[in-house]
Amino acid sequence: MIGLYCPGDSLPHRMPAGVKLALLLVAILVMTVFVRGPLGVLIAVALVAGLFALARISWRVAFAQVRPVLWMTAIIGAFQLLTTSPGRALVVCGVLLVSVALAALVTVTTRVTAMLDALTRALGPLRRVGVNPERVSLLLALAIRCVPLLAQIVHDVGEARRARGVSWSATALVTPVLVRALRTADAMGEALAARGVDDD
């Protein structure tokens, strides 16, 4: 889950957040440009598995990071099979999953506050063109917080529906989730306004 941090003292844990984010960007660019076949995908998978082992992250936690995108990867893979070739489908899906795994490794070895501080510093020069780094960092923090929050709302609504013995229905699930999500958003907006976040 986004925002999950696994405490530790491994080398990936000790690396500065800014360095990890920069290396993540470079690694994804390198894979996108140079991985052109199944062998490249296997090498990338082996390297990422080695990094997770170096960080002493269990395979259960590692798999949990990529599980949410498996269904999307399957759809992309099916589309690639229909329009290109099995080799190309493997490369596209492999690069996608390895990229997500690398991003997850940064997430599980870096505190959210450290990542936001690094982002604020990186965006500092953009103040000259009117960008507010603190505002951007706040938006990212809210997004990170809202993903697990929305997942919890969906889980709670599903549990309540099953407890009442209601048969599956998209409307019965989506409507209460939407109502609770909007209420939560209103409450967060009021809390931010009360703290003067909207003041210039």
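A residue is called buried when its relative accessible area is under 20%, exposed when it is over 50%, and partly exposed in between (1.4 Å probe, protein chains only). The structure described here is a predicted model, in which local features need pLDDT of at least 70 and side-chain atom pairs count only at pLDDT 80 or more, while totals for chains, interfaces and linings use all residues. Residues are numbered from 1 along each chain as its sequence is written, and side-chain values use heavy atoms, with hydrogens and water left out.

The protein chain contains 9 helices and 0 strands; helices (H or I, at least four residues) and strands (E, at least two) are DSSP runs, numbered from the N terminus. The order along the sequence is accordingly written α-α-α-α-α-α-α-α-α. The C-alpha trace spans about 55 × 50 × 35 Å along its principal axes. Of the 200 residues, 27% count as buried. The chain exposes about 12,800 Å², and 70% of this area is supplied by carbon and sulfur atoms; accessible areas come from the Shrake-Rupley method with a 1.4 Å probe, and for residues only the protein chains shown count as cover. A contact is defined by heavy atoms within 4.5 Å. Among contacts with a separation of 6 or more, 69% join residues 24 or more positions apart.

The largest nonpolar core has 21 residues. A nonpolar core is a set of buried Ala, Val, Leu, Ile, Met, Phe, Trp, Tyr and Cys residues joined through side-chain atoms within 4.5 Å. The members that touch the most other members are Met 31, Val 35, Val 48, Phe 52, Ile 57, Val 98 and Leu 102. At least two core residues come from each of α2 (17-34), α3 (38-54), α4 (59-66) and α6 (86-109), and α6 gives the most, with 8 residues. When residues up to four places away in sequence are not counted, Ile 57 touches Cys 6, His 13, Phe 52, Ala 62 and Val 108.

The second largest pocket holds about 440 Å³ of space. On a 1 Å grid over the protein atoms alone, a cavity is a set of points where a 1.4 Å probe fits but cannot get out, whereas a pocket is an open set with protein on both sides within 12 Å along at least five of seven lines; lining residues have an atom within 4 Å of a point. Grid points are joined across faces, edges and corners, and a volume is the space filled by probe spheres set on the points. The lining of this pocket comprises 22 residues, and those nearest its centre are Leu 23, Ala 27, Leu 51, Leu 102 and Leu 105. Helices α1 (11-14), α2, α3 and α6 each supply at least two lining residues, with the largest share, 7 residues, coming from α3. The lining has 19 nonpolar, 2 polar and 1 charged residues; in this classification Ala, Val, Leu, Ile, Met, Phe, Trp, Tyr, Cys and Pro are nonpolar, Asp, Glu, Lys and Arg are charged, and the others, Gly among them, are polar.

Several single residues were also examined. Ser 10 lies in the segment before α1 and counts as buried because its relative accessibility is 3%. Ser 10 and Ala 55 are 45 residues apart along the chain, yet their C-alpha atoms are separated by 5.3 Å. Beyond its neighbours up to four places away, Ser 10 touches Leu 54, Ala 55 and Arg 56. Arg 56 is in the loop between α3 and α4 and, at 59% relative accessibility, is exposed. The phi of Arg 56 is near 55°, a positive value in a residue other than glycine. Most residues other than glycine have a negative phi.

Val 106, in helix α6, is buried at 8% relative accessibility. Its C-alpha atom is 7.8 Å from that of Leu 24, although the two are 82 residues apart in sequence. Outside its neighbours within four places, Val 106 is in contact with Lys 20, Leu 21, Leu 24 and Met 115. Thr 73, in helix α5 (residues 70-83), is buried at 7% and, with the same four-place neighbours left aside, contacts Cys 93, Leu 96 and Leu 97.

Ala 122 belongs to helix α7 (residues 112-122) and is exposed, with a relative accessible area of 55%. Ala 193, in helix α9 (residues 170-194), is partly exposed at 47%, and its C-alpha atom is 43 Å from that of Met 31.
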